[in-house]
Amino acid sequence: MVKIAILGYGTVGSGVYEIIKNENFYEKALNPIGVKYILDIRDFPEHEEKEIFTKDFEQIVNDGEVYCVVETMGGLHPAYEFTKRLLMAGKNVVTSNKELVATYGPELLAIAKEKNVNYLFEASVGGGIPIIKPMCTSLTSNRIEKIVGILNGTTNFILTEMINKGKTFDEALTDAQNKGYAERNPAADVEGHDACRKLAILSSLAWGDYVNYKDIVTEGITEITTKDVMYADKLGFVIKLIGFAKKDGRIFARVAPMLVPKKYPIAGVDGVFNAIIVKGNYLGTSMFYGRGAGKFPTASAVVADVIESVRHINANKAYLEWKEAAPDYMLPASESENRYFAITDTPKDQIESLFGDILTADGENGEYAFVTGVMKERDFTEKAAVTGLTKFIRVLES
């Protein structure tokens with residue numbers, strides 16, 4: 001039997017334990033799998049296997065029987081220190097910790113390669129949606145051109161409530177918190193940081209260069225209003241928080257609310273569901289869709305990585321390796337090209353004189369919304385300043 005340990009017995013960690021306890025993966029893993037330790041600072045005196053709980057990390061790192069360790073603690077510290085020591089000790093590590101992977105991925109993958117073990121993180125992006133392994137195996141015959149994703153279920157739920165039920169942002173956020181979809185402090189979700197880290201991981205996998213999430217231009221949805229949603233609908237769009245990355249010479253990546261044409265498949269992804277579109281030069285466009293979070297969807301992806309590591313005992317999955325990128329690897333946001341949406345009461349002839357042909361939707365008292373043609377962001381912001389426009393939303397192109 002292959003023995004594993006679980007670091008952190010929260011939502012995902014407990015899901016991993018339950019799946020392994022209740023399922024027999026012998027045929028898939030070619031070995032039975034058993035949990036030897038669960039590390040947590042809390043006590044679980046009523047647990048059916050309370051004897052396997054420990055507060056002593058040294059017990060796990062020094063136990064030669066433990067082959068694979070599941071890290072579901074979250075955060076950077078002590079998850080980083082624990083993961084590094086485990087890899088250095090020759091143990092495989094599987095994680096759902098997107099913040100850790102996005103921050104220390106290159107270093108941890110290099111250690112795993114040096115020690116001929118694996119650092120696997122399918123669950124760090126998209127929860128239960130299989131996306132990491134397809135990008136590293138099934139899509140390797142393609143040159144990835146673009147990644148477009150709804151990468152955060154909390155923000156997608158909030159925007160869905162605003163679109164379908166006319167709720168304000170605050171009302172939809174409260175509803176998400178009451179349903180357990182949003183944390184009491186929702187900043188990581190609604191300000192775009194969670195989606196940003198996921199996009200950094202996907203971009204690093206797509207192009208082999210480590211994309212630092214700190215280099216990704218990130219905006220959240222806190223400024224989206226019911227008026228924005230209403231005008232977008234009139235113009236044939238819905239608003240989604242989109243993670244967008246492409247490579248054409250240099251890499252460009254952004255997380256921001258965008259107007260998505262209703263005809264696009266991703267426009268119909270509602271509630272807490274996620275969707276990731278990958279465009280390859282030979283395959284064309286492929287979409288991965290499913291539950292992006294939740295106890296068992298995420299835990300199922302973690303367990304799949306455990307099975308993968310057990311199936312390939314003493315073999316490093318060498319396809320996971322990121323190199324440091326050149327200093328100017330990212331295209332500046334000012335050089336990106338988009339169409340733009342804004343609401344104004346400036347006379348249309350003045351707007352048209354600045355932006356050329358525009359698509360419009362009329363409101364009341366001379367107010368209207370408009371969408372520009374494609375232009376560089378620096379040009380749009382310069383022209384917007386002339387009319388006093390301070391708020392705009394980009395339009396997602398196919």
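## Exercises around an open parallel sheet

Helix α12 (residues 295-311) lies across β1, β2, β4, β5 and β6, and runs at about 160° to β4. Helices (H or I, at least four residues) and strands (E, at least two) are DSSP runs, numbered from the N terminus. Axes are lines fitted to C-alpha atoms, for helices over the stretch in contact, and angles run from 0 to 180 degrees between N-to-C directions.

Before you start: this is a predicted model, where local features need pLDDT of at least 70 and side-chain atom pairs count only at pLDDT 80 or more, while totals for chains, interfaces and linings use all residues. Residues are numbered from 1 along each chain as its sequence is written, and side-chain values use heavy atoms, with hydrogens and water left out.

### Exercise 1: the sheet

Work out in which order the strands of the open sheet lie, and which strands are at the edges.

Step 1. Recall that strands of a sheet pair through backbone hydrogen bonds, either parallel or antiparallel. Here two strands count as paired if DSSP finds at least two bridges between them.

Step 2. Collect the pairs. Strand β2 (residues 33-39) joins β3 in the parallel sense over 2 bridges, with Phe53 in β3 as the bridge partner of Ile38. Strand β1 (residues 2-7) runs parallel to β4, with 5 bridges between them; Ala5 has Val69 of β4 as its bridge partner. β4 then pairs with strand β5 (residues 92-95) through 4 bridges, again parallel, and Val70 is matched with Val94 in β5.

Step 3. Put the chain of pairs together: the 6 strands form an open sheet with parallel pairing, in the order β3-β2-β1-β4-β5-β6. The edges are β3 (53-54) and β6 (119-120), each pairing on one side only.

### Exercise 2: strand β4 and what follows

Find out how covered strand β4 is, and describe the unit formed by β4, α4 and β5.

Step 1. Set the cut-offs: buried means under 20% relative accessible area, exposed over 50%, and partly exposed in between (1.4 Å probe, protein chains only). In strand β4 (residues 66-71), 6 of its 6 residues are buried.

Step 2. Follow the chain onward. Pro78 sits in the loop between β4 and α4, and the peptide bond joining His77 and Pro78 is cis, with omega about 10°.

Step 3. Continue through helix α4 (residues 79-88) to β5: together with β4 they make a right-handed β-α-β unit. Right-handed here means that, with the strands pointing away from the viewer, the path from the first strand over the helix to the second runs clockwise.

### Exercise 3: the cysteines

Explain why Cys68 is too far from Cys136 for a bond.

Step 1. Take the criterion: a disulfide is a pair of cysteine sulfur atoms within 2.5 Å.

Step 2. Check the distance. The cysteine sulfur closest to that of Cys68 is in Cys136, 17 Å away, which is too far for a bond.

Step 3. Add the surroundings: Cys68 is buried at 0% relative accessibility, and Cys136 is buried at 9%. The search of the whole structure gives 0 disulfides.

### Exercise 4: helix against helix

Describe how helix α1 packs against α12.

Step 1. Get the geometry. The axes of helix α1 (residues 11-22) and α12 are 8 Å apart, at an angle of about 65°.

Step 2. Assign the hand. The crossing of α1 and α12 is right-handed: the near helix is turned clockwise from the far one by less than a right angle.

Step 3. List residues in contact (heavy atoms within 4.5 Å). The α1 side includes Thr11, Val12 and Ile19, and the α12 side includes Phe296, Thr298 and Val302.

Step 4. Look at a loop residue that also meets these helices. Ser96, in the loop between β5 and α5, is buried at 13%. Among its contacts beyond four places in sequence are Val12, Thr298 and Val302.

### Exercise 5: two loop residues with positive phi

Find where Leu30 and Asn116 lie, and how exposed each is.

Step 1. Most residues other than glycine have a negative phi. Leu30 has a positive phi near 65°, and Asn116 has one of about 60°.

Step 2. Leu30 belongs to the loop between α2 (26-29) and β2 and is exposed, at 52%. Asn116 belongs to the loop between α5 (98-114) and β6 and is partly exposed, at 37%.
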